[in-house]
Amino acid sequence: MKKSINFLCALILGLSSLNFNNAYADNEHETLVIMGTTDVHGHVYAYDYYTGKDDNKGLAKISTKVKEIRSKYKNTLLVDSGDFLQGTPLVGFYGTHEINIVNPIIMAMNIMNYTALGIGNHEYDYGLENLQKAKKDAKFPFLSANTYHYKTKKLVFEPYTIKEINGIKVGIIGFTTPGTAIWDRNIVEKNYDFGDIIEAGKKYIPELRKKCDVLIAIPHSGYETEKGNEGYDAKSTGIAEENVGKNLAENFPQIDALFLGHTHTEIKEKFNNGVIITQADKFANKLAIVTMDLDKKDGKWVVNKKQAELFDVKDTESDKEITENIKKYHDQIVKYVNTAIGKSDEEWKSDKARFEDTPLMDLINKVQKETAKTDLSTASLFSDTSFIPKGNVSIANIAGLYIYENSLYAIKITGKQLKNYLEQSAKFFDSVDGGVIKTNKKIPGFNYDMVSGVDYKIDLTQPIGNRIKDLKFKGKNVSDGMLFTMALNSYRQSGGGGYDMIKNCEVIYNKQESIRDLLINYVQQNKNLIKNDIFVKNWELILK
């Protein structure tokens, strides 16, 4: 009996000598929720400035959901994968006209307490000064591990940040799509270089992994580039790959979660090499939510389970904290865009503009051609719901025709290059089935161009590459050696959208003029828009 008592005492003393603090620590459990937006493109209010109607998206709606999640979970972060600083009149006006005021979208994101942002290509649209001011005004870091000062490897922005929340160290690394060097060449050339994302990842991801418990990547880059939808050809341009989400996951399994962007696509949940991948579509219409379960093992937090979901905010009320703080800026823009600047004799529609020649597209080409004083002009339809109303025409009506921040260029082009240019554009059409035209879903509408100044037919009964027929200039057949001048936008001049045949053409006009502003000025000066004064039929589709 005495021996038994001694044994029990020894056992109790032995157990008491164990480090119970460590034992309990190894049983610690936490839930971490990372929320992500991308390609917000200036959408703060749930309002369409071009139509004057309420909309079903915007950061004000996103904010409501973010607050709900924060009320349920104590460990939360909010990130963005880029392209937020351009896209609506709200951010455009304060990015070009009232540049000394904090941009309203920065105000909103500060209120929402964003953790970090990965810089996108459209952050450059209003110039380097505007981007750097936005960075200064933001209460969260702008990240890009592959943006360098010209001809150096010196980073322009921080590559990553580490946020400690309830003892959990979360590393967040950002990247910018290298195509920025092409699309914003007139702004970034000889200022910044954009390197290969994977190469930058090799340098900074292992370094960051050693410093954190959880690693999040927020590249402004899609999962992968589908054939036929390349923004540029990486091989011929020498610019690194555009969409590398898949490559990031396969090269860096130490990434816990990838919040992708750039391609305006939704990915609810995808796993590759153990990396969870999600993408929140565009225009602040969805919120990506990654939930992670973490356990503490040997004094370090380890992710043992993770899942992703997308929340659609269309039925969510706007957060009054956002709308009330931004209201005076929003109201000013509504007043501005509804200013009448001219009149139209009848309504001009765009719903058929990609399938038949229309006055609406001729208006854009006319303004471009007259401004740059060229033989030809080329333009694409950005929205097939844009229109010019009968009666008063407002700034919003004209701005709605040209929603992107492109500037006007003019180049010299040969007859052969022009033919190849039109053949590239004709790839937008897939086939004709019983008189119904099918389009190539891999080519967005903004990469289908209509050229004025020449006459031509697109024969859809012929294979791709052999569709342009009866190409004539002033009644004469266009030969390979003929020379023309052609007005076009900055994106296309860079070869964007697969138009590599012109990227090295001589530039003869570049005054950094906004095409949207040129259109607005044209209407203001001419007052009356008359279809017969604008419309010149010069192209058609052949279906059989």
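**Burial, sheet and ring pairs in a predicted model**

Analyst: Of the 544 residues of the protein, 55% count as buried, a term that stands for a relative accessible area under 20%, with exposed meaning over 50% and partly exposed anything in between (1.4 Å probe, protein chains only). This is a predicted model, in which local features need a pLDDT of at least 70 and side-chain atom pairs count only at pLDDT 80 or more, whereas totals for chains, interfaces and linings use all residues. Residues are numbered from 1 along each chain as its sequence is written, and side-chain values use heavy atoms, with hydrogens and water left out.

User: What does pLDDT say about the protein, and where does it stay under 50?

Analyst: On this scale of the predictor's confidence in each residue, from 0 to 100, the protein averages 92, and 94% of the residues score at least 70. Over residues 1-25, however, pLDDT stays under 50, and for that stretch the model has two contacts (heavy atoms within 4.5 Å) beyond four places in sequence. Where pLDDT is low, the predicted coordinates should not be read in detail.

User: Why is E423 called buried?

Analyst: E423 has a relative accessible area of 6%, which falls below the limit for buried, so the label applies. Its place is in helix α15 (residues 415-426), where helices (H or I, at least four residues) and strands (E, at least two) are DSSP runs numbered from the N terminus. Leaving aside neighbours within four places in sequence, E423 is in contact with G465, N466, R467 and I468.

User: What does the side chain of E423 reach, and at what distance?

Analyst: The side chain of E423 reaches the backbone nitrogen of N466 at 3.4 Å. A polar contact is a pair of N or O atoms within 3.5 Å, where within protein one must be able to donate a hydrogen and the other to accept it, and residues adjacent in sequence count only if both atoms are side-chain atoms.

User: Why is G391 called partly exposed?

Analyst: The relative accessible area of G391 is 23%, which lies between the two limits, and therefore neither buried nor exposed would fit. G391 is found in strand β21 (residues 391-394), and its C-alpha atom is separated by 9.4 Å from that of N528, 137 residues apart along the chain.

User: What makes the pair of Y124 and Y192 edge-to-face?

Analyst: A search of the whole structure finds 20 aromatic pairs, defined for rings of Phe, Tyr and Trp (its six-membered ring) whose centres lie within 6.5 Å, with planes under 30 degrees apart called stacked, over 60 edge-to-face and the rest tilted. Y124 and Y192 are 6.0 Å apart centre to centre with 80 degrees between the planes, so they meet both the distance and the edge-to-face conditions. Y124 is buried, and so is Y192.

User: Why is the pair of F428 and Y448 called stacked?

Analyst: The ring centres of F428 and Y448 are 5.1 Å apart and the planes are at 15 degrees, so the pair is stacked. Both residues are buried, and ring pairs link them with F355, F429, Y456 and W539 into a cluster.

User: Which strands of the open sheet stand at the edges, and why?

Analyst: The open sheet of six strands has the order β6-β5-β4-β1-β15-β16, with mixed pairing, two strands being paired if DSSP finds at least two bridges between them. Strands β6 (142-143) and β16 (300-312) each have a single partner strand, so they stand at the edges. Strands β1 (residues 29-37) and β15 (residues 286-297), which run antiparallel, are joined by eight bridges.
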